[in-house]
Amino acid sequence: MQISVIGTGYVGLVTGACLAEVGNDVLCMDLDAHKINRLKQGDIPIYEPGLDDIVKRNIAAGRLRFTTDVVESASHGAIQFIAVGTPPDEDGSADMQYVIAAARAIGQSMQEYKVIVDKSTVPVGTAEKVRAAIQEELSKRGSKLKFNVASNPEFLKEGAAVDDFMRPDRIVVGVDDERTANLMRALYAPFQRNHERLIVMDIKSAELTKYAANAMLATRISFMNELAMLAEKMGADIEQVRHGIGSDPRIGYHFLYAGCGYGGSCFPKDVQALQRTANECGRELKILGAVEAANESQKKVLIAKIAARFGNDLTGRHFALWGLAFKPNTDDMRDAPSRVLIKDLWERGATVTAYDPAAMHEARRIFGNDPRLMVADSSMAALEDADALVIVTEWKAFRSPDFAAMKSKLKAPIIFDGRNLYEPRDLRAEGIEYFPIGRSA
Ligand code: UDX
C-alpha cells in the first residue's frame with residue numbers, strides 16, 4: 001500500500017518505519033528540513049532501540065522515503081497518517097493547531113479518494129474537526145473528492161516502541177464506515193499474531209480509549225505511590241503489598257511500582273488533557289485531579305528524604321545522581337522526576353554529578369553548562385566524593401553494582417533510591433544507609 005505519514009516525531013517515525021518494514025511504500029513528511037535531511041541519510045534524531053536498523057534497512061530497500069513537500073505527501077498515500085505533535089496548551093488542553101494544519105494541507109492538495117488516519121493523541125471530537133477542515137479546503141477548490149477519516153491511537157512505549165508496533169497487544173481503530181474498516185484490517189494484517197489484535201469501534205470511543213488507557217495507568221502508579229507513603233509510616237513494605245495485590249488477576253502485576261513519580265511525554269499531558277475534555281463537557285474527573293496532585297508531590301519525595309537526613313540547608317553538599325531520563329531505554333527527559341530533583345537540590349545549595357546511559361546530551365540541552373550540574377562518564381565515576389547517591393531512573397545497569405567499590409567512592413555510604421532497585425536487608429548487610437520508597441530500610 002502507498003502510505004504517507006505526516007510528522008516525523010516519535011510516533012510518526014516509528015509508524016512509518018514499521019509500516020515500510022512489512023512491505024508498504026511509505027513517504028514520511030515533516031516541515032523541519034534539517035530533520036528530513038538527517039533522516040534521508042539514515043540519521044535518527046531520537047534514541048529508540050531497533051529504530052535505527054529498521055529505518056536504514058527500509059531506506060536502502062526504497063520502501064521508506066522522506067520529504068518536506070506537502071503536495072508530494074498529500075498525493076502519495078492512499079492512507080494519510082497524521083502523526084504531528086499535540087503539545088499541551090497553557091490550560092492543559094492538547095494544542096490541535098498542527099493536526100488541523102496537516103488536515104488542511106491534505107485537503108488543499110489531494111487528487112483522489114483518501115483515508116485520513118489520526119495517529120496523534122487527540123481529544124475526543126478531533127476526527128470531526130479534521131473532517132471539517134479537509135472538507136472546507138476541498139470546497140474552496142470546488143472539489144467533490146471523497147475521503148474518510150479514522151482514529152488509530154498509538155500505544156507504543158518509549159524504549160520499546162518498535163517491538164510494541166511490530167508485536168502489538170491491541171490495535172484500536174475507530175471508523176464510521178465499513179470501507180475504511182476493511183482498509184485498516186488489510187493494513188494491519190501483517191501485525192496480527194495468534195489471535196485477533198484489531199479492535200474496531202466508533203471514532204469517538206477510539207479517541208477516548210487512548211486517554212482512558214493512559215489515565216488508568218497513571219492512576220495505578222499514583223495510587224501505589226500514596227500507598228507507599230502509608231506503608232512507610234506504618235512500617236509495612238510496599239513491595240510485599242505489590243506482590244500480594246498483583247497476584248489477583250483482576251489487578252495484575254503491571255504498573256504497580258511505587259517510585260519517585262511518573263514523567264514522560266504521555267501520562268502528565270494526557271491526564272491533564274482528559275480532565276480538560278471533561279471540563280469542556282461541564283464535568284470534572286475528581287480522581288484525575290488527585291492522580292496529578294499525588295504525582296506532583298511524589299516528585300518531591302526524594303528531596304524530602306534527603307532534607308530529613310541532611311537538613312534543609314544543603315549548602316556545600318554534593319550528590320551523585322543515577323538516571324536523568326524519565327524511564328530507562330530512552331533519552332527523553334520530558335517531565336522527568338530528575339528535573340524536579342536537580343532544581344530542588346540547587347535551591348537548597350547543593351551541587352550534582354549525574355550519570356545516565358542515554359540522556360547526558362539532553363541534560364546539557366536543558367540545563368546548559370550550569371556549573372552546579374556536572375556529568376560523569378560512568379555510574380561509578382559519578383560517585384566520587386559525593387555525600388550520597390540518589391537513584392531516579394531504573395536502568396538495568398544500575399541494578400547490581402559493586403557495592404564495595406561504591407562505598408570506597410562515596411564520602412559516606414548513603415543511597416536514596418527513587419526506584420526501589422535493591423533489597424533493604426542486602427544493603428543493610430553491606431553497611432549502606434538505604435532510603436527506598438515505601439519500604440522500611
Ligand atoms: C506510556 C504508555 O505506557 C504507552 O502505552 C503510551 O502510548 C504512552 O505513554 P511511556 O510514556 O513511554 O508510555 O512510558 P511508561 O513505560 O508507560 O512509563 C511512564 C512513567 O511511569 C515513567 O516515568 C515510569 O518510570 C513510571 N512508572 C511506570 C512508574 O512509576 N511505575 C510503574 O509501575 C510503571
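This report walks through one predicted model, from its overall confidence down to a handful of single residues.

**Ground rules and confidence**

The model is predicted, and local features are discussed only at a pLDDT of at least 70, side-chain atom pairs only at pLDDT 80 or more, while totals for chains, interfaces and linings use all residues. Numbering starts from 1 along each chain, following the sequence as written.

The pLDDT score is the predictor's confidence in each residue, from 0 to 100. Here the chain averages 95, with 100% of its residues at 70 or more. For the complex, the predictor reports an ipTM of 0.95 and a pTM of 0.91.

**Domains**

The chain splits into domain 1 (2-201), domain 2 (211-296) and domain 3 (299-435), with bounds taken from an automatic or database domain assignment. Between domain 2 and domain 3, the C-alpha centres are 24 Å apart. Their contact uses 11 residues of domain 2 and 14 residues of domain 3; two residues are in contact if their C-beta atoms, placed from the backbone, lie within 7 Å. On the domain 2 side, the touching residues are three nonpolar, six polar and two charged. For these classes, Ala, Val, Leu, Ile, Met, Phe, Trp, Tyr, Cys and Pro count as nonpolar, Asp, Glu, Lys and Arg as charged, and the others, Gly among them, as polar.

An unreviewed UniProt entry places "domain: UDP-glucose/GDP-mannose dehydrogenase C-terminal" at residues 320-424. UniProt positions are in the numbering used here, feature names are shortened, and such annotations may be inferred rather than shown by experiment. Across residues 320-424 the chain is 30% helix and 18% strand, and the end C-alpha atoms sit 20 Å apart. Helices (H or I, at least four residues) and strands (E, at least two) are DSSP runs, numbered from the N terminus.

**Around the ligand**

The ligand is surrounded by 19 residues, and the closest are Glu-158, Tyr-257, Tyr-262, Gly-264 and Cys-266. A residue is near the molecule if its C-beta atom, placed from the backbone, lies within 6 Å of it. By class, this shell holds 11 nonpolar, four polar and four charged residues. Domain 1 (2-201) and domain 2 (211-296) each supply at least three residues. Helix H9 (residues 203-234) gives the most, with three residues.

**Helix H13 and its cover**

In helix H13 (residues 301-310), the buried residues are Val-301, Leu-302, Ile-303, Lys-305 and Ile-306. A residue is buried if 20 or more other C-beta atoms lie within 10 Å of its own, exposed if 12 or fewer, and partly exposed in between, with C-beta atoms placed from the backbone. The cover over those H13 residues includes helix H12 (286-298), helix H14 (337-347), strand S12 (388-391), strand S13 (414-417) and strand S14 (433-435).

Leu-302 has contacts with Cys-260, Leu-341, Val-390, Phe-416 and Gly-418, leaving out residues up to four places away in sequence. Leu-302 and Asp-344 are 42 residues apart in sequence, yet their C-alpha atoms are 9.7 Å apart. Just after H13, Gly-311 has a positive phi of about 95 degrees.

**Some single residues**

Here is how a few residues sit, judged by their C-beta neighbours.

| Residue | Location | C-beta neighbours within 10 Å | Status |
|---|---|---|---|
| Trp-322 | strand S9 (residues 318-322) | 28 | buried |
| Leu-302 | helix H13 | 28 | buried |
| Asp-335 | loop between S9 and H14 | 19 | partly exposed |
| Gln-135 | helix H6 (residues 126-140) | 16 | partly exposed |
| Asp-385 | loop between helix H16 (379-382) and S12 | 10 | exposed |

Trp-322 touches Tyr-355, Ser-379, Ala-382, Leu-389, Ile-391, Val-392 and Phe-398, again leaving out residues up to four places away in sequence. Trp-322 and Val-124 are 198 residues apart along the chain, and 39 Å separates their C-alpha atoms. For Gln-135 and Ala-307, 172 residues apart along the chain, that separation is 59 Å.

Now for the backbone of the two aspartates. Most residues other than glycine have a negative phi, and most peptide bonds are trans. Asp-335, though not a glycine, has a positive phi of about 55 degrees. Asp-385 also has a positive phi, near 60 degrees.
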